[in-house]
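Please open the model in your viewer, colour it by chain, and keep the selection tool at hand. The stops below say what to select next and what is found there.

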Amino acid sequence: MKPKDKYFIIVGIIICLIIVVMTPFIASKNPDGLQKTTEQLNTNEESVIYKAPFVDYKIPLFGNGPYSVIAALIVGLLIVLGLGYLAAQIIKRKKPPESS
Amino acid sequence: MHIPDGFIPLWQCGIYYVITILALYFSLKWAKKNLDEKMVPLMAVLAAGIFAIMSLNVPFPMGSSGHMVGGALVAIIFCAPEAAVIIFTLVLLVQALLMGDGGVTTLGANILNMGIVTGLVGFYSFKTLRNPLGKIKSLFIASWLSIFLAAVMVVLELWFAGKFINLQLALLFLILQAISGIVEGILTVIIILALEKTRPDLLVWNKMKKNNKS
């Protein structure tokens, strides 16, 4: 990897980390557009077949506070970053571009 | 815009999964042909950035909130809606399985709305509008349109599912998403301009221009 690409990844991760650390303090707690408009709708709760470990972006072990949200977001961020890198490495072009 | 479990009947979820798997198949074919080594870190950082920015809800009128999606941004950076399909499949998968943000049964529908529709609408409207309107205006309109049409898609899916039978609720949702589209447009313009200033080589349209010249 070229140094400028390494620099790009480092700067990208730092910006992402700043966003996730700020999120529990500055993000709006209001429901999003879909939640707001579907509050009164009847949904089939029984069809919920899976319960995520960090529901509502909180790690249960760390309680309900902002640090629990930050920890959950950092774990998620690192998983997405790792998966994104791994997936791109696997699916990228293996041969040089065809010249026409 | 994440649709939770229980909102769409399973057989309809199946249809959206099939559409998403087909889109993913074509996107992987695109990657095999076009995604070079240099784009690998860009794809990873963009996936992480989309995950981070989606957690940051900004307050909207009527006690609501919204966040950037970024499907148009990804598709425009890569000059390929396929890149948005790949990145959003990863991000939405982690959000659903780890955070419970968006359902597992509705994952196909969510990828269709936030990855496929936003990517396709964002990229092709930018491509169409860039010459007549210029870069900044076309970026803003394409990103706004990507969110609005994705919201229309959500309304249609929920209408087929028998949920959005109340026209007023559907209109309220579309109004809130139209506001969300403004945030999306502003942030997309800022991010693309920042990339153009710092790493213009990462914007695929610059690479295409260079190849055409040589």
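**Where the two chains meet**

In this predicted model, the rule finds four salt bridges across the interface of chain A and chain B. Side chains of opposite charge can pair when their charged atoms come close. To see one of these pairs, select A:Lys92 and B:Glu37, whose side chains meet in a salt bridge with N and O 2.3 Å apart. Then select B:Asp36 and A:Arg93, whose side chains also meet in a salt bridge, this time at 4.0 Å from N to O. This pair crosses between chains, since B:Asp36 sits in the loop between helix H1 (10-34) and helix H2 (39-54) of chain B, while A:Arg93 belongs to the segment after H3 of chain A. B:Asp36 counts as buried because its relative accessibility is 17%, and the cut-off for buried is under 20%.

**The whole contact surface**

Now show both chains in full: 53 residues of chain A are in contact with 62 residues of chain B. The size of an interface is often given as the accessible area lost when the parts come together. Here the two chains bury about 5,000 Å² between them, with 72% of it on carbon and sulfur atoms. On the chain A side, select A:Phe8, A:Leu34 and A:Tyr57, which lose the most area to chain B and together account for 14% of what that side buries.

The rule also finds 19 residue pairs in polar contact across this interface. On chain A, the elements that give two or more residues to the side touching chain B are helix H1 (3-26), helix H2 (33-37) and helix H3 (66-91). The largest share of that side, 15 residues, comes from H3(A). Sorted by class, the side of chain A that touches chain B has 30 nonpolar, 15 polar and eight charged residues.

**A loop in chain A**

Which residues in the loop between H2 and H3 of chain A should be selected next? Choose A:Asp56 and A:Tyr57, both of which lie there. Most residues other than glycine have a negative phi, and most peptide bonds are trans. A:Asp56, however, has a positive phi near 60°, and A:Tyr57 has a positive phi of about 60° although it is not a glycine. A:Asp56 counts as exposed because its relative accessibility is 56%, whereas A:Tyr57 is buried, with a relative accessible area of 12%.

**A network of charged side chains**

Select A:Lys4, A:Asp5, B:Lys38, B:Arg199 and B:Asp201 together, for these residues are linked in a network of salt bridges. Within this network, B:Asp201 forms a salt bridge with B:Lys38, the closest N and O atoms being 3.3 Å apart. That pair links distant parts of the chain, 163 residues apart: B:Asp201 is in the loop between helix H7 (167-198) and helix H8 (204-213) of chain B, and B:Lys38 is in the loop between H1 and H2 of chain B. B:Asp201 also meets B:Arg199 in a salt bridge between side chains, at 2.8 Å from N to O. B:Arg199 is buried at 8% relative accessible area, while B:Lys38, at 26%, counts as partly exposed.

**Two helices of chain B**

Finish by selecting residues 81-99 of chain B, which form helix H4. At 1.5 Å a residue its 19 residues should span 27 Å, and this agrees with the 26 Å that separates its end C-alpha atoms. H4(B) is mostly covered, as 16 of its 19 residues are buried. Just after H4(B) comes B:Gly100, whose phi is positive, near 70°.

Then move to B:Ser125 in helix H5 (residues 107-133) of chain B. Leaving aside neighbours within four places in sequence, B:Ser125 is in contact with B:Ala142 and B:Leu145.

Terms used:
Residues are numbered from 1 along each chain as its sequence is written. Chains are lettered from A and ligands numbered from 1 in the order in which they are written. This is a predicted model: local features need pLDDT of at least 70, side-chain atom pairs count only at pLDDT 80 or more; totals for chains, interfaces and linings use all residues. Side-chain values use heavy atoms; hydrogens and water are left out. Helices (H or I, at least four residues) and strands (E, at least two) are DSSP runs, numbered from the N terminus. The expected span of a helix is 1.5 Å times one less than its number of residues. Buried means under 20% relative accessible area, exposed over 50%, partly exposed in between (1.4 Å probe, protein chains only). Contact means heavy atoms within 4.5 Å. Buried area is the accessible area (1.4 Å probe) that two parts lose on being put together, summed over both. A polar contact is a pair of N or O atoms within 3.5 Å; within protein, one must be able to donate a hydrogen and the other to accept it, and residues adjacent in sequence count only if both atoms are side-chain atoms. Ala, Val, Leu, Ile, Met, Phe, Trp, Tyr, Cys and Pro count as nonpolar, Asp, Glu, Lys and Arg as charged, and the others, Gly among them, as polar.
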